[in-house]
Amino acid sequence: MNYKELVANRVAKEFKDGDLVNLGIGLPTMVADFVSDDIEVIFHSENGFVGLGGAPEEGQEDKDLVNAGSMPATILEGGMFFDSAMSFSIIRGGHLDATVLGALQVDEKGNLANWKIPGKLVPGMGGAMDLVGGAKQVIVAMMHTAKGNHKIMKECTLPLTGAGKVDKIITEMGVLEVTDKGLLLTEYNPEFTIDQIQEATEATLIVSDNLIKMV
Amino acid sequence: MKKKIALNEAIAKIEDGMTLMIGGFLGCGTPEAMIDALVESGKKDLTIICNDTSFVDRGIGKLIVSQQVKKVMTSHIGTNKETGRQMNEGLMEVDLVPQGTLAEQVRAGGAGLGGVLTPIGIGTPVEEGKTIIELNGEKFILAEGLKADVALIFGSIVDEKGNVYYNKTTRNFNPLMATAAEVVICEAEKIVKTGEIDPHQVMTPGIFVNYVVEGVN
């Protein structure tokens, strides 16, 4: 398993039978491939349906059926389509059990920044602010650093997507829970020492008394 | 009342400087033929309310490339580099709104509501310049209802009375926008005789749709 697969595999263990989940673009999308066959997890696609399945086979693409990244998609039995107001009622109204997103930065207070680098990149927030603000559990899934630069900060310096909304950060180095006292390292990848994980993190980590290996 | 009109008659309803709502999500469920005709018409200084600015060669993106847009109110511009360029060079104003808030603003406009209160964006740059209302100890942003002069929507199957059925993920913002504009023009992938759509299957009541245009495949 490469690092991204390792993260996706660990995120998938967060879900329980019957959960309704929205996965962001990129690494978070990979999570769907690692959900245990023992449970049913239902995926929500913010462009307007529940029951998102895998990509269609070549030649089976339907121009009217795409995911939120405009890629050809499929819908599973029991799924249903709706308009954008309904889609975001599901998200904002507390009907979504979890959302998994990437981050440019995330900090020890659970703040998340992933929609704008002033003067450089302004893609817009799309549905990310609603997802972060509305989902019952917000999981950030990403690589721990970006080209050696910290992404897990004491305080985000980039414009926020959501303030104090992140519950958990899962990276190739470990699992961090956002608590009132700061970031609690609950699981770690034994490929790395605790010192290495701390060095790769700008915020000061609290190491759990019950620290376990993530793999 | 006869609602079916020709493409050029539809575009003639649009004037320079108007505010348009245009349906679609990254080009899926977007009235492509009307957009092409609008590009050809050269109508300018338009304000567009839409989910995203699509791609340079698809849907709403083409209107941005042809520089007919003065202002766009949208949730995502990342797939169309021309939107970012025009914004950075001051050629076009871009108002970025969280997607769910935008959907509710359109819905509110069409439902006769002054606006909605949403917690989304509190503590982020989105709250800047907005009216914040505190209710039962929680902060909300007042998101005003939106209306447009003309809504251009897309329907998969549309009957002669303007009743619309949307196939799969083409629905997105289309039914919301159908309620929120002075004039609503629906581009139909397929036009059928009145009565051919089961009343249970109607997703946008024809009472909202003023004109129907046949799409070009």
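B:Met203 touches B:Val164, B:Tyr165, B:Tyr166, B:Arg171 and B:Pro175, not counting residues up to four places away in sequence; two residues are in contact if their C-beta atoms, placed from the backbone, lie within 7 Å. This is a predicted model, in which local features need pLDDT of at least 70, side-chain atom pairs count only at pLDDT 80 or more, and totals for chains, interfaces and linings use all residues. Residues are numbered from 1 along each chain as its sequence is written, while chains are lettered from A and ligands numbered from 1 in the order in which they are written.

**Surroundings of B:Met203**

B:Met203 lies in the loop between strand E10 (181–192) and strand E11 (211–214) of chain B. Helices (H or I, at least four residues) and strands (E, at least two) are DSSP runs, numbered from the N terminus. B:Met203 counts as buried because 20 other C-beta atoms lie within 10 Å. A residue is termed buried if 20 or more other C-beta atoms lie within 10 Å of its own, exposed if 12 or fewer, and partly exposed in between, with C-beta atoms placed from the backbone. A separation of 7.5 Å is found between the C-alpha atoms of B:Met203 and B:Asn163, which are 40 residues apart along the chain.

**Chain B as a whole**

Chain B contains six helices and eleven strands. Its C-alpha trace spans about 55 × 40 × 30 Å along the principal axes. The radius of gyration of chain B is 17 Å, in agreement with the value near 17 Å for a compact globule of 217 residues; this radius is taken over C-alpha atoms, and the globule rule is 2.2 Å times the number of residues to the power 0.38. Of the 217 residues in chain B, 53% are buried. Among contacts in chain B between residues at least 6 apart in sequence, 72% join residues at least 24 apart.

**Strand pairing in both chains**

In chain B, three strands form an open sheet in the order E5-E7-E6, with antiparallel pairing. Strand E5 (115–118) and strand E6 (132–135) of chain B are the edge strands, each pairing on one side only. Two strands pair if DSSP finds at least two bridges between them. On average, neighbouring strands of this sheet are turned by 35 degrees against each other, direction ignored. Helix H5 (residues 99–110) of chain B packs on the sheet and touches E5 and E7 of chain B, its direction making about 150 degrees with that of E5(B). Axes are lines fitted to C-alpha atoms, for helices over the stretch in contact, and angles run from 0 to 180 degrees between N-to-C directions.

Antiparallel pairs from both chains are tabulated below.

| Strand pair | Bridges | Opposed residues |
|---|---|---|
| E5(B) and E7(B) | four | B:Val116 and B:Ala143 |
| E2(A) and E3(A) | two | A:Ser45 and A:Phe49 |
| E3(A) and E4(A) | three | A:Phe49 and A:Phe81 |

In the hairpin of E2(A) and E3(A), three residues lie between the strands, and A:Gly48 takes a positive phi near 135 degrees.

**Contact between the chains**

The contact draws 31 residues from chain A and 36 residues from chain B. On the side of chain A that touches chain B, helix H3 (84–92) and helix H4 (128–134) of chain A each supply at least two residues. H3(A) gives the largest share of that side, five residues.
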